[in-house]
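Let's take a quick tour of some backbone quirks. Have the sequence and the model open side by side.

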Amino acid sequence: MKPIELSFRSLSESAVGNVWKQVFGHGWPGWKAWYLGRLGDEPAPVEKCRRMLRDFMPGMEHSWDAWVSSVGGDEDVARFLSFWTPPRYLVNCSQAAGVDAQGPWLIRNYDLDPMLNETTLLRSAWRGYRVMGMVEGMAGLSDGMNEAGLALSLSFGGRIERGRGFGIPLIMRYVLETCRDCQDALDALRGIPCHMSYNVTAIDRAGRVENLMLAPDRPLIRRDDCWATNHQLGVEWPHHGRLTGTVERGARLDDLLKGETSGADAMLRAFLAPPLFSTGYDRGFGTVYTALYRPATGSVTLAWADGERHVWRLDDFPARALDVTYRAAGSAACAADAPARPFSGEDRRLHAIAARNTLERREGWTNINPLPDSRTETGETA
């Protein structure tokens, strides 16, 4: 495969302002192409989006207004940033949580086409707690932690069902901005409709773990184990399950957590090796980054396959730029010369979206393609 090169950024702001505008300017060209191409003929009225935010995420309406107004957004921007019943979207990941001698930990691999990732670690204090996490959908998060010591990560649940509800990245942000521990997160997630099936793994400063299965067509389910890949009550989408190796990854995590060396250091090494680490970048399924959250110290470590590590803390959050290269052998990162360089590569992100949108039928599992409305269209037999 041809190497893929990205620049990661760490950015911080308290109130919605110039940093948010940078994040939006970087993400919206690609997201807009995807969103408008999948929106359909009868998009939800913006006022309906407002009512849903008001009903299910108290206070988030005010953040939404600030995001939209600060970038001079139109109805398409407002509708997208509400995350109300968006088109289908998948993120294929592995995650696990536990406690070792240094306290609680949460580790995740984020698997996607690298060119579709927004490459931004953002610390914000837009409402409620200070939060730091990896940006997803500009205003949302794929993983993160707040100042109370609650850490969350998401993975796709491996089901094609879609319903009325919010996209998971905004749900993640809402929980981190309003909840102090796993009990709060559990209570909040029970009351917010999610438009697709996702697994959310949470751990708090006390070491309590909640492993939750969200779905649009059944109530929230709590799992007893402390890991998640890309299935829930079993593999319900066999084609996707085979291509992503969700069962094999889950078995590896289960073995690791039951072993004698299940501390974060050993787990991090395992996350950077097969079968948890994927190099299928040219097929839309490669490990873009590995994140280790430590609630006791308020820190996050981003790691790549070459052994490079970079640490940020809620109380010590430097602005950095990292150049990351993805090859068939894995990922490699190095500090960039100019932390304040402007974002680049929007045209490449648009090309990546176009490529994902035009893959052959047999690649219909990919992160950006529309999914079939029934299993009879997946090529699977009963």
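## Helix 1 and its buried side

In this predicted model, V19, W20, V23, F24, H26, G27, W28, G30, W31, W34 and Y35 are the buried residues of helix 1. The helix covers residues 18–38, 21 residues in total. From first C-alpha to last it reaches 29 Å, close to the 30 Å expected at 1.5 Å a residue.

Now look at W28, one of those buried residues. Helix 1 bends there by about 45°, and the proline P29 follows within four residues. Just past the end of the helix sits G40, with a positive phi of about 90°.

## Two odd phi values in one loop

Most residues other than glycine have a negative phi. The loop between helix 4 (75–82) and strand 2 (92–100) is home to F83, whose phi is positive, near 60°. T85 lies in the loop between helix 4 and strand 2 as well, and although not a glycine, T85 has a positive phi of about 45°.

Are these two buried or partly exposed? F83 is buried, because its relative accessible area is 6% and the cut-off for buried is under 20%. T85, at 21% relative accessibility, counts as partly exposed.

## A cis peptide bond

Most peptide bonds are trans. Which two residues does a cis peptide bond join? They are P274 and P275, with omega at about 0°. To find the spot, go to the loop between helix 9 (264–271) and strand 12 (279–280), where P275 is located.

Note on methods. Residues numbered from 1 in each chain as written. Predicted model: local features only at pLDDT ≥ 70, side-chain atom pairs only at ≥ 80, totals over all residues. Heavy atoms only, no water. Expected span 1.5 Å × (residues − 1). Bend = angle between axes of the 7 residues up to and from the residue. Buried < 20%, exposed > 50% of the residue type's maximum accessible area, 1.4 Å probe, protein only.
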